[in-house]
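Colleague: I would like to learn how to read the features of a model like this one, going from the overall fold down to single residues. Could you take me through it step by step?

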Amino acid sequence: MRMVDLIEKKRDGGILSDDEIRFIIEGFTQGAIPDYQMSAFAMTVFYRGMTDHETAVLTDAMMRSGDTIDLSRFGTKSVDKHSTGGVGDKTTLILAPIVSCLGGKMAKMSGRGLGHTGGTVDKLESIPGYRTTLSAEEFMQQVEEVGVAVIGQSGNLTPADKKLYALRDVTATIDSLPLITSSIMSKKLAAGSHSIVLDVKIGSGAFMKTLADGKKLAENMVAIGKACGRNVTAVMTNMDIPLGNYIGNALEVIEAVQVLQGRGCEDLQSVCRVLASNMLALCNGWELSYAEQQVDEAVASGAAFAQMKRWIAAQGGDASVLDDTAKLPQASVQYEIKAPRSGYIQHMDTQLVGEASAILGAGRKTKEDSIDFAAGIVLQKKTGDFVEAGQTLAVLHTNKAETLGDSEQVFLRAITFGDIQPEMQPLIYGVVR
Ligand code: URA
């Protein structure tokens with residue numbers, strides 16, 4: 001088999017056989033297929049797509065490209081969640097304690113932020129002492145004892161995805177349905193959880209800009225997970241508006257604490273409630289309405305917040321910062337962005353809001369960039385709100401005052417004002433089971 005022939009076949013709209021797909025992934029992982037051929041292949045898939053069967057085989061081949069984690073000791077209790085990425089998405093920090101204090105076992109590997117999206121590992125590293133790297137034994141032992149451990153991607157899990165994702169990032173081939181499906185599901189399947197809830201984000205801050213694309217991605221991922229014997233649900237959620245009011249690493253830890261103390265922003269609370277109850281319905285076999293009731297009780301009783309402190313302390317973090325969030329990294333500069341006119345906020349281009357936060361130091365352009373944990377944005381107004389000219393829209397937090405001008409410009413470009421109150425879109429677009 002020659003890679004050039006397979007690129008040509010896909011370029012001309014052909015359907016690849018199972019052997020051909022496995023040849024490509026094995027060859028690329030081992031270095032026999034060079035980056036330039038793989039990039040060309042990714043572009044042919046971007047334009048030509050893949051059948052459901054091709055996508056399933058690609059996912060399986062990528063899952064098998066490296067190690068897989070065995071969580072069978074937790075039986076059906078192991079449960080994971082994956083978000084397709086967004087702005088202000090701190091749901092893992094909230095779900096992990098809720099679900100683990102209600103019996104779920106979360107052995108979770110999370111990613112770092114890149115571009116306009118944030119990453120859970122960066123948020124956790126803003127807590128002094130928190131260790132995002134554990135040995136395999138420490139990781140398993142903590143899940144046994146505490147019910148939850150969240151670390152960065154480690155070991156040799158899905159090396160094919162690691163290499164391919166890096167290529168896609170620089171060849172404009174990220175937003176391809178079969179490539180996103182196989183990238184996410186190969187990692188989730190290799191990470192071993194029996195039950196998986198996928199949070200498929202849809203809107204201007206997400207990879208999937210339209211409901212039709214988001215639904216197709218959700219259906220593809222659920223079908224592949226089920227074919228591999230896992231319990232999978234996908235929740236399609238709104239990312240046409242930032243989730244919650246806080247964007248940035250330490251800032252998002254603060255908002256997670258607020259939600260676990262029962263006083264968080266309503267949209268964030270609602271999304272977390274839906275995700276947590278779907279996770280518990282899968283791993284505990286509960287009715288959804290019962291799971292929702294249990295989630296509410298875990299928050300109201302303080303059990304979920306106590307569990308967050310237990311988890312953070314078990315992983316080396318200073319849990320006292322959760323009781324006193326002023327001890328988290330603080331920005332030396334706080335700057336208020338004022339509304340340039342009166343009117344309703346019609347729309348927030350959420351990707352631009354994420355970029356404005358990254359400019360302040362909360363995100364990185366390349367994987368090598370370092371992060372300012374204190375940087376970010378606290379929103380005071382969101383889509384649907386009325387503002388008077390000169391009223392504060394948001395507060396920028398940074399340690400680099402020279403970034404304020406650029407960040408403000410990008411933030412204001414993200415906001416569309418109008419005279420009529422816009423119709424609000426639903427927070428949850430639907431659930432694929
Ligand atoms: N997240 C992933 O892990 N992979 C993609 O391709 C897109 C989002």
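Modeller: We will go from the whole chain to its cores, then to one helix and a few residues.

Modeller: Keep in mind throughout that this is a predicted model.

Colleague: How many helices and strands are there in the chain, and what does its radius of gyration agree with?

Modeller: The chain contains 17 helices and 13 strands. A compact globule of 433 residues would have a radius of gyration near 22 Å, and because the chain has 21 Å, the two agree. The C-alpha trace spans about 65 × 45 × 40 Å along its principal axes, and buried residues account for 59% of the 433.

Colleague: What share of the contacts between residues at least 6 apart in sequence join residues at least 24 apart?

Modeller: That share is 78%, where contact means heavy atoms within 4.5 Å.

Colleague: And how should I read the surface and the charges?

Modeller: The accessible surface comes to about 16,900 Å², with 50% of it belonging to carbon and sulfur atoms. For the charges, one compares mean positions: those of the 42 positive and 52 negative charges are 2 Å apart.

Colleague: Which residues touch the most other members of the largest nonpolar core?

Modeller: They are Trp311 and Phe411, in a core of 77 residues. The largest share of this core, 10 residues, is contributed by helix α12, residues 266-284. Apart from it lies another core, of 33 residues, which includes Leu134, Met208, Val222 and Met236.

Colleague: What surrounds Phe411 beyond its neighbours within four places in sequence?

Modeller: Phe411 is in contact with Ile337, Val353, Ala356, Ile377, Leu379, Leu393 and Ala394. Ile377, a residue of strand β9 (residues 376-379), is buried, with a relative accessible area of 0%. Beyond its own sequence neighbours within four places, Ile377 has contacts that include Asn245, Tyr246, Leu251, Val395 and Phe411. Ile377 also shows how sequence distance and spatial distance can be read together, since Gly88 is 289 residues away in sequence and 9.5 Å away in space, C-alpha to C-alpha.

Colleague: Is Gly316 placed in a helix or in a loop, and how exposed is Gly316?

Modeller: Gly316 is in the loop between α14 (303-314) and α15 (320-323), and with a relative accessible area of 39% it is partly exposed. Setting aside residues up to four places away in sequence, Gly316 touches Pro128, Gly129 and Tyr130. Thr383, by comparison, is 67 residues from Gly316 in sequence and 39 Å from it in space, C-alpha to C-alpha.

Colleague: Why is helix α5 described as largely enclosed by the rest of the structure?

Modeller: Of the 11 residues of α5 (residues 91-101), 10 are buried, so the helix is largely enclosed by the rest of the structure. The buried residues include Thr91, Leu93, Ile98 and Ser100. The helix is followed by Gly103, whose phi is positive, near 105°.

Colleague: What sign does phi usually have in residues other than glycine?

Modeller: Most residues other than glycine have a negative phi. Thr158 nevertheless has a positive phi of about 35°; Thr158 lies in the loop between β3 (148-152) and α8 (159-169) and counts as buried at 4% relative accessibility. Ala172, again not a glycine, has a positive phi of about 55°; Ala172 lies in the loop between α8 and α9 (177-190) and is exposed, with a relative accessible area of 56%.

Technical notes: Residues numbered from 1 in each chain as written. Predicted model: local features only at pLDDT ≥ 70, side-chain atom pairs only at ≥ 80, totals over all residues. Heavy atoms only, no water. Helix = DSSP H or I, 4+ residues; strand = E, 2+ residues; numbered from the N terminus. Rg over C-alpha atoms; globule rule 2.2 N^0.38 Å. Buried < 20%, exposed > 50% of the residue type's maximum accessible area, 1.4 Å probe, protein only. Areas by Shrake-Rupley, 256 points an atom, 1.4 Å probe, with all protein chains shown as cover. Lys, Arg positive; Asp, Glu negative; His and termini not counted. Charge placed at Lys NZ, Arg CZ, Asp CG, Glu CD. Core = buried A, V, L, I, M, F, W, Y, C linked by side-chain atoms within 4.5 Å.
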